[in-house]
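User: I am a first-year student and would like a close look at one part of this protein. Please take the cross-links between side chains, and set them in the context of the whole chain.

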Amino acid sequence: MPERLTEMLMDTWTPLIILWITVLPSIYMAPMNQSQVLPSGSSTGLKRLNEEQRVLHRSKRGWVWNQMFVLEEFSGPEPILVGRLHTDLDPGSSKIKYILSGDGAGTIFVINDKTGDIHAMKRLDREEKAEYTLTAQAVDRDTNQPLEPPSEFIIKVQDINDNAPEFVEGPYHATVPEMSVVGTFVTKVTATDADDPVYGNSAKLVYSILEGQPYFSIEPHTAIIKTALPNMDREAKEEYFVVIQAKDMGGHMGGLSGTTTVTITLTDVNDNPPKFAQSLYHFSVMEDVALGEPIGRVKANDLDIGENAKSSYDIIEGDGMDIFEITTDAQTQDGIIRVRKPLDFETKKSYTLKVEAANIHIDPRFLSGGPFKDTATVKIVVEDADEPPVFSSPTYLLEVHENAALNSVLGQVTAHDPDVSSSPIRFSIDRHTDLERQFNINAEDGKITLATPLDRETSTWHNITIVATETRNHSQVSRVPVAIKVLDVNDNAPEFASEHEAFLCENGKPGQVIQIVSAVDKDDPKNGHYFLYSLLPEMVNNPNFTIKKNEDNTLSILAKHSGFSRQKQEVYLLPIVISDSGTPPMSSTSTLTIRVCGCSSDGIVQSCNVEAYVLPIGLSMGALIAILACIILLLVIVVLFVTLRRHKNEPLIIKDDEDVRENIIRYDDEGGGEEDTEAFDIATLQNPDGINGFLPRKDIKPDLQFMPR
């Protein structure tokens, strides 16, 4: 009943609130006792309260003795009465004193110590603090002695609708694909209300759209925004501004509200095909344009954006499908037409192409709207240009024998002017490719002749460049490579591949192969080399050696007998004639040197010198040389030692009669003057000691001393 009465009063006139605040404590305390006061925490009061509750058997809300209630935001002229404390020990006299302590005691809540009335002194806000816990006690006024234990109770602040809903996360931004069906989810918004969600409808929110209809709708309780119109087109309108309202009190009149904005952007889908700006394009191009050069651009516009607007171009028809190609510019989405093959005004002067632009990414949902492609016609006109001469062949290959005569014609090159005017052509050789000037060319007819002799063995190929120039316009020049191959003639005799020297063992056997030799020929016959070997006519009946031709075009030298001796003959010379199979055949004579050597029993050569016979058994030439060197060294040491001993035993002071430092030579003779060169010996004056020979000083040590080893 109290809750129902509260709801009824909150929905009626506001002036009744003051009366309700006054009556509320009495109504809440009415089930407890007839005096409509809250008993204190004594055991007698609690016991009686429990007995009365058992007798009443309340089926609805029972009064909890330790709770009081007060409305928030009350700001009347007088403090509001929250409740009254009373103890059964109070006979009605003024000897009992009520004391209040706890949250807000003495500041927010004040108790009348005589009557036990509790008043709220300040304006309360449930959103700041929803309840207060206090302790009440009855004491003797004279002695301050407690009459009963303290009792704890709670004062709850009851909510009123004083807070409007708020969208904490707003404003919102959302996207939804264009052309979406009705009811497609867009986004969800959320509002919060600081009021009590349990008590009453102060926090019960209802959502609605203030702006943005009829394009979008919102669920009143879940706040889910959905599309309300089908086939919204981004190309017509891309962005929508929606205002959402949240209202408490369940949306009823008198409730508080809050708003937020939602910016909804339609995202693109591929619902538009490409479309050429014009159906016919005209381009002109010079016939000498370089391959790969762009000659024009076409454009297919697409109302879509991003990947949905990308198109690919292709040539699907026309007489120039193999001459031209079209590619897509990734930045501008233009179709670029390029030249694939050379153009020739004299052959074909115009081309007609049909090009197609098609979307790369196609959405299957919109295929029913038609093909996502478009076509256009392109006409290309080829314009004449002054072209350089054209050779009859891109390259030329000529062959000539190396013994060809000078000024003989090797071959001919031809060229013509492709223009209608057909200018005469002059030919020349690029001398940077013919530094030795081995070839000449006729400037009129292009015949190439030989200027110097050729040698295939020196150079097999000659690569030159022929230049063709228009006589009317020297800037029009063409070049062509000419390869000249020098053919072989048999002009070189075969010879040994290397200088061979054979070794023959003294203990060799008859028929033993001494050496295998091979031959080379600088010529290059078509069927390969085939050599013939023979001995000189006077050596055919050679008593010591014979020859044998092998299948691999080599020659084996064989011994006819055994018993060769180095003492008898150390070296044999065997002339061999080598002939080729060319026309005419060429031959040469090469001499093979055969040395007689001493070999081991298994045929390994050990020594090929005659002096090996006179060496002691077991000593080689190297060992004898080493022994000789040691003997000479010992002799030198002995001589040095004896010389040093002699110098050491000689005295250092020379006798007086041997002192020749002051020798004076006197002579009485008149000189004949400067021209008299025979009167005296000038050498005697220059060196008095020279008469008897040089006499060294022995009173000092010589500068050079030999240290004994």
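Analyst: Of the 709 residues in the protein, 36% are buried. The model is a predicted one. The protein has 5 helices and 42 strands. Of the contacts between residues at least 6 apart in sequence, 66% join residues at least 24 apart. About 43,000 Å² of the protein is exposed, and carbon and sulfur atoms supply 54% of that area.

The disulfide comes next. A disulfide is a covalent bond between the sulfur atoms of two cysteines. The count here is 1 disulfide. Its partners are cysteine 505 and cysteine 599, with an S to S distance of 2.0 Å. Cysteine 505 belongs to strand β34 (residues 501-505) and cysteine 599 to strand β41 (residues 587-599), so the bond ties together parts that are 94 residues apart in sequence. The torsion about the S-S bond is about -85 degrees, which means that the disulfide is left-handed. Cysteine 505 and cysteine 599 are both buried. Cysteine 630, by comparison, has a relative accessible area of 48%, so it is partly exposed.

Salt bridges are the other kind of cross-link, and the count for them is 19. One of them pairs aspartate 113 with arginine 141, where the closest N and O atoms are 3.6 Å apart. Aspartate 113 sits in the loop between β5 (109-111) and β6 (117-120), and arginine 141 in the loop between β7 (131-140) and β8 (151-158), so this pair ties together parts that are 28 residues apart in sequence. Aspartate 113 has a relative accessibility of 25% and therefore counts as partly exposed. Arginine 141 also has a relative accessibility of 25% and counts as partly exposed.

A second salt bridge joins the side chains of aspartate 268 and arginine 234, at 3.1 Å from N to O. This pair also links two loops: aspartate 268 is in the loop between β15 (257-267) and β16 (275-276), and arginine 234 is in the loop between β13 (224-227) and β14 (239-247), so parts that are 34 residues apart in sequence are tied together. Both aspartate 268 and arginine 234 are buried.

In a third case, the side chains of aspartate 434 and arginine 431 meet in a salt bridge at 2.8 Å, N to O. Aspartate 434 is buried, with a relative accessible area of 4%. Arginine 431 is partly exposed, because its relative accessible area is 25% and the partly exposed class runs between 20% and 50%. Elsewhere, salt bridges that share partners join Arg297, Lys299, Asp329 and Asp334 into one network.

Two other places complete the picture. Serine 202 is in the loop between β10 (185-188) and β11 (206-211). Its relative accessibility is 7%, so serine 202 counts as buried. Apart from neighbours within four places in sequence, serine 202 has contacts that include Asp159, Asn161, Asp195 and Met249. Leucine 628, in helix α4 (residues 621-649), has a relative accessibility of 51% and therefore counts as exposed. Together with Ile632, Val636 and Leu640, Leu628 makes a nonpolar surface patch of about 360 Å².

How values were computed: Residues numbered from 1 in each chain as written. Predicted model: local features only at pLDDT ≥ 70, side-chain atom pairs only at ≥ 80, totals over all residues. Heavy atoms only, no water. Patch = residues over 30% accessible without salt bridge, like charges linked within 9 Å, V, L, I, M, F, W, Y side chains within 5 Å. Areas by Shrake-Rupley, 256 points an atom, 1.4 Å probe, with all protein chains shown as cover. Salt bridge = Lys/Arg side-chain N within 4 Å of Asp/Glu carboxyl O. Helix = DSSP H or I, 4+ residues; strand = E, 2+ residues; numbered from the N terminus. Buried < 20%, exposed > 50% of the residue type's maximum accessible area, 1.4 Å probe, protein only. Contact = heavy atoms within 4.5 Å. Disulfide = S-S within 2.5 Å.
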